[in-house]
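Hi everyone, and thanks for making the time today. I'd like to walk you through a structure that may be new to you, so please have a look at it while I talk.

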Amino acid sequence: MTRPDDRPAQTAAPEETDVLIIGGGPAGSLLACLLARRGIRTVLVEKQTNLERSFRGETLAAPSVTSLHKLGFGPALRAHGFLETTTVTTVTEGRPVLHVDYRRFRDQPLPIDIPQPALIRIFNDAAEGLPGYVYLSGWSFSSLMEEDGAVRGAELVRGRGSTAERTRVRARLVVGADGRFSKVRKASGLPADIEPMARDFLSFKLPRPPEWGQDAQLIVDHDRHLVVLPTFPDSLRIGHNLPKRGLATLRRAGFAAFRDGIAALSPALAPLVREHLLSWDDTSFLEIFTAEMEQWARDGLLLIGDASHTATPILGQGVNLAMQDAITLVPVLVAALDAGAGRQPVGAGELADFVAGRRAHKMHVTRFQRMQESQLAVSSPRGVRVRRLRYRLLNAFPGKYRIFDKVINAQHPVDPVDLSLAQAALSPGSRADGASTQAEVAP
Ligand SMILES: Cc1cc2nc3c(=O)[nH]c(=O)nc-3n(C[C@H](O)[C@H](O)[C@H](O)COP(=O)(O)OP(=O)(O)OC[C@H]3O[C@@H](n4cnc5c(N)ncnc54)[C@H](O)[C@@H]3O)c2cc1C
């Protein structure tokens, strides 16, 4: 359990701001913090009154870890604690076939696992108190305010029924960072291609046995698999694929049958599964779909993170993509706000290059996700043999690390202004925690 978001809830929404961000997940919270550091008036709206988010993306890939250090969040990450993942092993039909050691990538930190609430709290805490930053907790997006075809702000609501409060905030840009079921996306009218994937996911946690170490595993048997992720501080986060809309069938067969099926997939985990996986309440369902959009922006409106590009959990890239959107957007948005006259909305054209660049990166990730998903869905005896051979050939291939480097370690730039603001934001106390701090914010 995470502690509630006990910051004093801002009750009064301002009538007007520069940027109004809907959704305080990794994308929205990081963007709000970085914009506030730049002196941009920023309102962050989050419908939840706490940061509790179970079974969300917690895996930060090496480039995200590098960027967070560059942006000055290293001391806060260390103060909270995180777990480094050292290796990832693929096991098919009981035999290890592909092994990647993250320590072999040159000049890359290890990927880390940190609970999403902790990560978001780090961003929110860093933004708290910055001039022009307002955090509206417990308020939900209700509708867009539009004038002459451009978005000019949003209406927000708090509470339900006859006691609900409503307020309107004008902004030069509304950013929809409200996740995979984005209401802002729906209200925008921008076309989205929502594709259900062939399978869904059920997740659960188990205590991590000491001998497990920091190895992530993909355990595959025909068309069933487990993704096992070492999780901070001392557990394993496990995802299991289900046939589409297969949850009802699974439940009808009974919990014991489900648990036995998981135990059979991983004999190493079987004793833990029997001891700790006790009822459906210990599991969490995730419907898997992808959302692709050609346009992420209208005049006065932009979608980022899962709102604009919902990815599948395969390869654990959702949080990374969301944070990269925020980091890349900041200099673009600051330039657009500076260039625009008075209170004019930020035009879609000014965001076009940002959208094109981020879309291309997302498509690259999606291609690999789809390839991996099709491998995992194989069930025929021949298909299973071919898959095993493919993984083994890849494992033996001398260029294996170069291939993985391209997929999971794609770098993204951090603007020099954000680097120097990060340096300034580090308090003398946190700088004293090591000479590395200077290097952390160096370009
Ligand atoms: C079960 C599960 C497992 C996952 N595993 C991984 C993984 O291992 N690695 C990985 O990288 N990714 C993973 N993901 C994906 C990852 O969690 C998301 O890609 C990531 O959180 C996206 O960040 P975001 O900020 O765009 O959206 P979100 O994290 O979804 O944040 C959206 C925020 O908007 C708020 N909100 C929603 N509607 C409104 C509204 N109307 N008004 C105001 N606020 C609103 C929500 O409360 C939320 O705080 C997983 C996702 C799930 C669900």
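I'll go through the ligand shell, one helix, two sheets and a few single residues in turn.

One thing to say at the start: what you see is a predicted model.

Let's begin with the ligand. There are 34 residues around the ligand, and those that come nearest are Gly25, Gly57, Gly179, Gly305 and Gly318. Which elements give two or more residues to this shell? They are helix α1, at 26–37, strand β2, at 42–46, strand β9, at 140–147, and helix α9. Among these, α9 gives the most, with four residues. As for character, the shell divides into eleven nonpolar, 15 polar and eight charged residues.

Since α9 has come up, let's stay with that helix. Helix α9 covers residues 318–339, which makes 22 residues. What span should we expect for α9, and what do we find? At 1.5 Å a residue the helix should span 32 Å, and its end C-alpha atoms are 32 Å apart, so the two agree. There is a bend, though: at leucine 329 the helix turns by about 35 degrees, and within four residues comes a proline, proline 331. Is α9 mostly covered or mostly open? Mostly covered, with 16 of its 22 residues buried.

While we are on helices, have a look at proline 26, which is found in α1. Is proline 26 buried or exposed? Proline 26 counts as buried, because there are 29 C-beta neighbours inside 10 Å, and 20 are enough for that label. Here is a pair to find on your screen: proline 26 and threonine 49 are 23 residues apart in sequence, and their C-alpha atoms are 16 Å apart in space.

Now to the sheets. A quick reminder: strands of a sheet pair through backbone hydrogen bonds, either parallel or antiparallel. One open sheet here has seven strands, and if you trace across you get the order β6-β5-β14-β15-β16-β13-β17, with mixed pairing. Which strands stand at the edges? They are β6, at 95–101, and β17, at 284–286; each has a single partner strand, so one side of each has no neighbour in the sheet. On average, neighbouring strands of this sheet are turned by 20 degrees against each other, ignoring direction.

Let's walk along part of that sheet, starting from the β17 edge. Strand β13, residues 199–207, is joined to β17 by three bridges, and the two run antiparallel. Within that pair, serine 203 stands opposite serine 284 in β17. On to the next pair: nine bridges join β13 to β16, which is residues 235–243, and these two strands also run antiparallel. Serine 203 turns up again here, since its bridge partner in β16 is glycine 239.

One more step takes us to β15, residues 224–231, which pairs with β16 in the antiparallel sense over six bridges. One of the partnerships there is proline 230 with leucine 236 in β16. How many residues does the hairpin between β15 and β16 pass through? Three residues. Please zoom in on that loop, where proline 233 lies. The peptide bond joining phenylalanine 232 and proline 233 is cis, with omega at about -5 degrees.

There is also an open sheet of three strands, in the order β3-β7-β4, with antiparallel pairing. Its edge strands are β3, at 59–60, and β4, at 83–84, and each of them pairs on one side only. Two bridges join β3 to β7, and in β7 the bridge partner of threonine 59 is aspartate 113.

Finally, some loop residues. Leucine 110 sits in the loop between β6 and β7. With 18 C-beta neighbours inside 10 Å, leucine 110 counts as partly exposed. Leucine 110 and leucine 60 are 50 residues apart in sequence, yet 9.1 Å apart from C-alpha to C-alpha.

The loop between β6 and β7 also holds aspartate 107. Its phi is positive, near 60 degrees, and this residue is not a glycine. Aspartate 107 is exposed, with 7 other C-beta atoms within 10 Å. Aspartate 148, in the loop between β9 and β10, also has a positive phi, of about 50 degrees. Aspartate 148 is exposed, with 7 other C-beta atoms within 10 Å.

That's my tour, and thanks for listening!

Terms used. Residues are numbered from 1 along each chain as its sequence is written. This is a predicted model: local features need pLDDT of at least 70, side-chain atom pairs count only at pLDDT 80 or more; totals for chains, interfaces and linings use all residues. The expected span of a helix is 1.5 Å times one less than its number of residues. The bend at a residue is the angle between axes fitted to the seven residues ending there and the seven starting there. A residue is buried if 20 or more other C-beta atoms lie within 10 Å of its own, exposed if 12 or fewer, and partly exposed in between; C-beta atoms are placed from the backbone. A residue is near a molecule or strand if its C-beta atom, placed from the backbone, lies within 6 Å of it. Ala, Val, Leu, Ile, Met, Phe, Trp, Tyr, Cys and Pro count as nonpolar, Asp, Glu, Lys and Arg as charged, and the others, Gly among them, as polar. Two strands pair if DSSP finds at least two bridges between them. Axes are lines fitted to C-alpha atoms, for helices over the stretch in contact, and angles run from 0 to 180 degrees between N-to-C directions.
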